[in-house]
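Hello,

Here is the structure I promised to pass on to you. Have a look at it first, and then read on for what turned up.

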Amino acid sequence: MKLVVVLIVACLGTLAQGNEINPCLSADAQKSCASCIATSKECAWCVSVSYEQENRLRCDTHENHLRGLYCDPGDIQFPTDEVEKLKNQDVGDGDNPEDAVQVQPQKVRIKIRPNKPVEVKLTFRQAENYPVDLYYFMDLSNSMEDDKEKLALLGNKIAEQMSAITKNFRLGFGSFVDKVVSPYVSTVPQKLKMPCKTYNGEPCEAPYGFKNQLSLDLETTKFSQKVKEARVSGNLDAPEGGFDAIMQAVACEDEIGWRPISRRMLVFSTDAGFHHAGDGKLGGIVTPNDGQCHLKNNLYSESSNLDYPSVSQIANKIKEKSVSVIFAVTDLQFDIYEKLSKYIESSTTGRLANDSSNIVTLIEDNYKKITSKVTLKADGLGENITVDFFSRCFGGEEIKTNECGSLKIGQSVEFRAEVMLTACPKDRKKWLKEFSIRPLGYQEKLTVELEMICECQCENAENEELNSDKCSNGNGTFECGKCSCHPGRYGKFCECKADDLTSKDSIKQCTAPNATLPCSGRGSCVCGECLCNTRSSDSAQTFSGPYCECDDYSCNQFNEQICGGPERGKCNCGKCECKLGYNGTACECELSMEKCTTDKGLVCNGHGNCTCGKCVCENQYTGFKCEQCPACPDKCLEYTPCVQCKAFKFGKLIQERCLRECKMEIFFHDKIREGHGIQLCPIKDDDECWAYYTYEYDRNGKVVIKAQITKVCPDQLNVLAIVGGVVGGIVAVGLFLLLLWKLLTFIHDTREFAKFEKERQNAKWDTGENPIYKQATSTFKNPTYGSQ
């Protein structure tokens, strides 16, 4: 049943007219081959010359063109996308750490048509001993003096911990204070030279914006030395010039020493907030920050001339240079920097102890937090291009995501990028586009060369027929199977002259009152008259009417036929015109009561009403003519006498009376069953056998009786076998009980004898004497006898 419904829906979908069902049939899609292929990924264009002559729709789904009989497969324009891998090195560690490949493929070329997504598979693998450049710069205002001392002591520890992660590690150090203008620092000459003193009484260093104390170096032991040598300075307001320092540390690649291939890490340490774009006006600085490198002799030279960078400038520069930032800040500043990190990709925030004693753990934990996940991002997309990412990460179902976590060194993770072109740019120069897909925080990327398919091959200049005879004796250019008319000519074949009837007037004559589209969007306006299209490219059915407003094939259907078929009615402009004897929206209703009337002339057996040639029965009755009543007493008693005499040759009716009164026909079957509308009746004969028959009613209300050929009789009893079985059973039970008694007696005697033997063996007296035996005579001795 489901399959039938699916097929019907599919057929209706093919026949139905409307942009929502088949966008390829829209008026815009029919304008040109380029418009056709841009409408939907399923749309294809037919260049066959006969299509114009037969007024068929050139743009339709590729499936419809192939299935139809009107467009040769060689005449179908259906551009397909292509993905070509231009550089595809396998991911791996490489002979040298710098040779590691973490993204595969590295470069692809995609040919893509509008509104059809193209898939590109991408693999990321985090290489072992991948180069890491960690630049640590801190706020060296006077409040950070204890932090500097602690950092100097822990410098070697930082190098040791990072070296355990990667052997190719470089460490650098920088510091910042603020702009050397009022009101950020005191401009009193003496304060400019020595703004403060340390807790040891030593003079502070003169204020500065940003200073590169140590460029990135493999000799990490220099780090502690440089930190120890650096002196704190002083300023007036609480916020510091950290944004200036970040911009210079990221922008000055050569001066800081960032390697082209490395994991770039920036640790920003402070206990204060930050100035941002616009704050420079307080010091009379109105020139916006230019985002360029201005380090001279390792000092930021434009600190007093350029405003602070904005958050977006910082975020864009960090993104451009692929730097990961760790904000190591104290508790009071944690919330504000955590919010800031949400706007800066590949950044994280950690809580710094008041004396920076936890800096080693903080760097290690946040480095692992950044490197334990990979996040993909597409850069340089421009307008009308989208990229969606999908991945299973390390198992499970594929989901839409550009990020996978719990990544370990040496592990690979696969992504599927889905590239979509939503529309072609009007400028042909923009049909070639290049963008990149990169993991955040890494220099490696996948470069994508995008070649947009914005026109069909038949629209190329070499395939045009200028002044073609196919366009009314050379009055137009023939391309993609249709004519593009010269000025002053219009019409499908450029057959109309503007002098006779202007194109505007022609279109006006083809447009119905209160309508906006010529020919209702279902045809072509030719010299002021509508030439109606076929309903689809593979159909012989056409629209009709002076404005092609009528669709004679979209009326309601009955029995899978329009208007119930030709014998019931026909479709006229979307509505059924029924023939005599039928009505309804699909001519589904029969006015005749013939099918509701029984042989006796009763309509629905008197138990219902005839509606549209069918009986609508009362509550208790069912059947085609309301002849069945499951809740009513059955008619077995009425039919049984006739069935007995006709089918089984017994019963009360004699043969003559049976032939006279029993006119119904009886059908014989090996097996009969009870069912919906089928009543089962049993009959018992003199031999105690059961005969069965059923009765039901056909569409005309005539009773149909089916009898089962064989009777069901009970099996006869074998008395001798039963008596013999009972006697044998009694004897067998008796013998069994006797044997059981004998066995129990034997077991009891054996146990008693064994008990006796055991007691006899344990006796203390001689086996030849009886200890309780006494002589039968008694002997007495006279004591006085011996003395006489």
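Let me begin with one charged pair. Lys31 and Asp28 form a salt bridge, with 3.2 Å between their closest N and O atoms. Lys31 counts as exposed, since its relative accessibility is 58% and the cut-off for exposed is over 50%. Asp28, at a relative accessible area of 48%, is partly exposed. Please keep in mind throughout that this is a predicted model.

Side chains with opposite charges can pair when their charged atoms come close. By the rule used here, the count comes to 34 salt bridges, so I will pick out just a few more of them.

One is the pair of Asp388 and Lys400, whose side chains meet at 3.7 Å, N to O. Asp388 sits in strand β17 (residues 385-391) and Lys400 in strand β18 (residues 399-400), so this salt bridge ties together parts that are twelve residues apart in sequence. Asp388 is partly exposed, at 27% relative accessibility, while Lys400 is exposed, at 58%.

Another salt bridge joins the side chains of Lys470 and Glu465, at 3.5 Å from N to O. Lys470 has a relative accessible area of 38% and is partly exposed. Glu465 is also partly exposed, with a value of 33%.

Salt bridges can also link up into a network, and there is one for you to find: it connects Glu253, Arg264, Lys317, Glu320 and Lys321.

Now to a pair of helices. Helix α5 covers residues 145-165 and helix α12 covers residues 359-371; the two pack with their axes 9 Å apart, at an angle of about 30°. Angles under 35 degrees count as roughly parallel, and α5 and α12 are therefore roughly parallel to each other. The crossing of α5 past α12 is right-handed.

Which residues make the contact between α5 and α12? From α5 come Leu151, Leu154, Lys157, Ile158, Gln161, Met162 and Ile165. From α12 come Ile359, Val360, Ile363, Glu364 and Tyr367. Sorted by kind, the residues of this contact are nine nonpolar, one polar and two charged.

If you would like a place to start, display α5 and α12 together and look along their right-handed crossing. After that, you could turn to Asp388 and Lys400 and see how their salt bridge ties β17 to β18.

Enjoy exploring it!

Best wishes

Note on methods: Residues are numbered from 1 along each chain as its sequence is written. This is a predicted model: local features need pLDDT of at least 70, side-chain atom pairs count only at pLDDT 80 or more; totals for chains, interfaces and linings use all residues. Side-chain values use heavy atoms; hydrogens and water are left out. Axes are lines fitted to C-alpha atoms, for helices over the stretch in contact, and angles run from 0 to 180 degrees between N-to-C directions. Helices (H or I, at least four residues) and strands (E, at least two) are DSSP runs, numbered from the N terminus. Angles under 35 degrees count as roughly parallel, over 145 as roughly antiparallel, 65 to 115 as roughly perpendicular and the rest as oblique. A crossing is left-handed if the near helix is turned anticlockwise from the far one by less than a right angle, and right-handed if clockwise. Contact means heavy atoms within 4.5 Å. Ala, Val, Leu, Ile, Met, Phe, Trp, Tyr, Cys and Pro count as nonpolar, Asp, Glu, Lys and Arg as charged, and the others, Gly among them, as polar. A salt bridge is a side-chain nitrogen of Lys or Arg within 4 Å of a carboxyl oxygen of Asp or Glu. Buried means under 20% relative accessible area, exposed over 50%, partly exposed in between (1.4 Å probe, protein chains only).
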